[in-house]
Amino acid sequence: MKNRIEICGVGRWQFGALLALCCLVSGAWLLAADWPTFRNASNAGASPETINLPLTEVWHSTAPLVEENGVVVANGIAYMMSDDGQLYAFTVSTGFAVAGFPVVASSTFGTPAVDVANGRIYVLAGGQLWGFNLNGTSAFPPINVGSLGTNYNQGPILDGGFVYFQAGGMLHKYNSLGVAQWTSASPGDNTQPAISGNFVYKNTEAGQIRKFDKVTGVEVVTGGFPITTTSSQASLAVVNGRIFHKTDELRVYNATTGVALWNQPIGGDSTFYNSPAVANGAVYVYGWDSRLYAFNEITGATLAGFPSIPLGNNADRNWSSPAVAGDKVFVGAATTQRLKVVGAAGSAQAGLVLEEHLTFSTDTQGFDLCSPVVSDGYVFAMLDGGGLYAFFAGTNQGALLINGGAACTNSQNVTLTIDNNNNPDITEMRISEDPFFTGASFIPYQHTFPFTLSAGFGTKTVYAQLRDNAGILSNVFNDQISYQATCQGTPTPTPTSTPTPTPTATPTPTPTPTPTVRAQEAYVKASKRSVRKGRNAAFIVALDPGPAAQPVTVNYSMSGSATLDTDYTLSGTPGQVTIPAGQSSARVILHALRKVKKAATMTLTRGQGYFLSGRADDVATIRIRKK
């Protein structure tokens with residue numbers, strides 16, 4: 001068995017769901033980049049990851065009732081609140097619910113915050129601060145903190161083991177035990193504070209930006225503070241010594257002196273909740289005219305390629321906050337129900353729409369106040385009435401596979417593999433090419449199921465949803481396959497029984513076939529968590545159970561903020577490593593070339609002679625240190 005599983009004391013199939021609970025102390029398994037608070041660090045709305053295209057939707061939530069709620073990600077778990085007051089947790093790679101969730105708090109339109117180091121999940125709901133442990137149990141009784149306003153998408157922020165938030169006209173600081181450290185008068189309840197250095201910054205919503213000492217809570221009233229500005233209900237981004245304020249224009253101030261630095265028009269007076277995103281010397285704003293704007297963060301100069309073409313309709317609830325990852329910007333485009341991917345400033349495709357992904361909801365408000373989130377190679381976006389959507393930059397790792405994850409098929413008849421997360425309470429499933437499952441009935445759960453694709457060549461998307469014996473619905477899982485006249489590559493499997501034209505009728509249950517041979521699982525771990533310039537570390541690719549009866553070549557891709565051949569090199573053949581016969585593992589040596597604070601992440605991909613769990617053990621990260 002794998003060492004990490006023996007240490008954690010759980011089985012392989014429980015590992016992904018319990019990663020945040022039992023492997024926290026060892027810290028041996030670090031994912032690419034967490035996004036633990038709404039708008040991430042300093043409210044910058046940015047991730048150090050680089051997301052490769054194309055994106056593919058892997059799963060989306062349906063059971064939670066969501067309006068303007070947001071999502072955060074930590075240790076491979078996505079956390080979200082529903083507007084009926086429940087805290088949900090889903091394993092990022094599969095979309096399965098984490099054991100112990102959902103838990104009940106109180107009604108909110110807000111977003112949780114996750115402090116992994118102290119084992120806390122914080123929620124602002126019902127005029128109270130709620131604290132939960134990572135297993136969903138209560139960390140301390142709810143604390144009355146006062147009015148939260150509408151609290152759209154906002155949430156607590158974290159710094160150094162403390163939680164900061166705005167409530168009841170006061171700025172609050174608490175420790176992880178739920179003990180108040182200080183409170184300071186700060187008007188306005190609808191915007192999230194931002195932390196930069198030793199200070200906390202807050203937009204009052206009524207034309208002031210106020211600044212507080214992070215340690216004492218004392219307000220700074222010298223050096224140009226409080227700043228008099230134009231009113232808005234947008235949260236500040238405070239990055240690189242500058243305050244970025246989205247109001248009638250984008251207004252930028254010196255974070256030390258409060259002096260106005262520059263301002264720029266951004267397509268009309270949208271003073272609602274969307275916030276700027278700041279990364280790599282550029283600041284981005286989604287304008288009221290539905291265009292994405294980008295400016296040099298120092299000078300305010302408009303950057304090449306911007307503003308973009310309209311991403312939606314003018315003045316059409318364009319309240320979404322953009323998110324930046326590497327050379328791409330992600331925007332939930334208002335009522336279009338489309339997640340748009342735009343080339344970032346300075347890239348060869350700056351300002352161009354690179355991809356768009358249709359989501360589904362009967363709520364006409366669409367993305368509304370959405371803020372996309374980027375973590376662990378996934379892009380998340382919350383759609384009013386449509387739940388949380390998870391898109392992955394690679395092959396499907398979710399709970400539904402078509403023809404074992406094949407890219408194409410030349411047969412209309414395919415075989416679906418539906419993972420139930422080894423949950424014996426899952427008794428039913430429904431399957432359709434319609435995301436709303438129109439006309440599709442629930443049938444007895446089967447691990448493999450023959451399905452007939454709709455007529456006509458092209459990309460086909462199949463959706464599946466599970467139901468347990470208590471009537472509780474799972475998230476919706478999907479996979480895509482290209483149906484074409486000639487398919488090069490993986491042969492199309494022969495269905496195990498006569499295919500059913502549509503999944504709407506309930507067929508006679510058939511036993512789940514027992515496989516005669518099952519390939520070994522491939523997984524990856526890092527020999528050490530970090531490495532300095534000139535030193536080596538290794539990605540160890542292994543088989544469970546081992547050893548290999550014959551040579552097995554495992555495929556992988558690289559991502560993260562570090563750049564191959566610039567920040568580091570890898571040994572062997574790019575994109576693959578071969579485990580020799582008689583051996584259980586092989587190493588890919590990473591050699592650090594530069595003094596940088598970046599991360600290199602290896603993600604295993606599918607191939608012949610092995611399978612992947614679709615969970616956290618498919619990914620390993622080595623961080624390159626400056627010192």
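**Exercise 1.** Are Y284 and F306 buried or exposed, and which geometry does their ring pair adopt?

*Solution.* In this predicted model, the starting point is the surroundings of the two side chains: Y284 is buried, and F306 is buried as well. The next step is the ring geometry, for the structure holds 19 aromatic pairs, and in the pair of Y284 and F306 the ring centres lie 6.0 Å apart while the planes meet at 70°. Planes over 60 degrees apart count as edge-to-face, and the pair is therefore assigned to that class. Finally, the position along the chain can be added: Y284 belongs to strand β25 (residues 282-286), whereas F306 lies in the loop between β26 (292-296) and β27 (323-325), so that the pair links distant parts of the chain, 22 residues apart.

**Exercise 2.** Classify the aromatic pair formed by Y389 and F391, and state whether each residue is buried or exposed.

*Solution.* The centres of the two rings are 6.3 Å apart, with 20° between the planes. Planes under 30 degrees apart count as stacked, which is the class of the pair of Y389 and F391. As to accessibility, the cut-off for buried is under 20% relative accessible area; Y389, at 1% relative accessibility, counts as buried, and F391, at 1% relative accessibility, also counts as buried.

**Exercise 3.** Which residues are linked into a cluster by ring pairs, and which ring lies beneath the charged end of R467?

*Solution.* The cluster linked by ring pairs consists of W59, Y88, F90, Y378, F380 and F392. Turning to charges over rings, the charged end of R467 sits over the ring of F442, at 3.8 Å from its centre, and K173 lies over the face of F162, 4.3 Å from the ring centre.

Technical notes:
Residues are numbered from 1 along each chain as its sequence is written. This is a predicted model: local features need pLDDT of at least 70, side-chain atom pairs count only at pLDDT 80 or more; totals for chains, interfaces and linings use all residues. Side-chain values use heavy atoms; hydrogens and water are left out. Rings of Phe, Tyr and Trp (its six-membered ring) pair if their centres lie within 6.5 Å; planes under 30 degrees apart count as stacked, over 60 as edge-to-face and the rest as tilted. Helices (H or I, at least four residues) and strands (E, at least two) are DSSP runs, numbered from the N terminus. Buried means under 20% relative accessible area, exposed over 50%, partly exposed in between (1.4 Å probe, protein chains only). A charge sits over a ring if NZ of Lys or CZ of Arg is within 6 Å of the ring centre and within 35 degrees of the ring normal.
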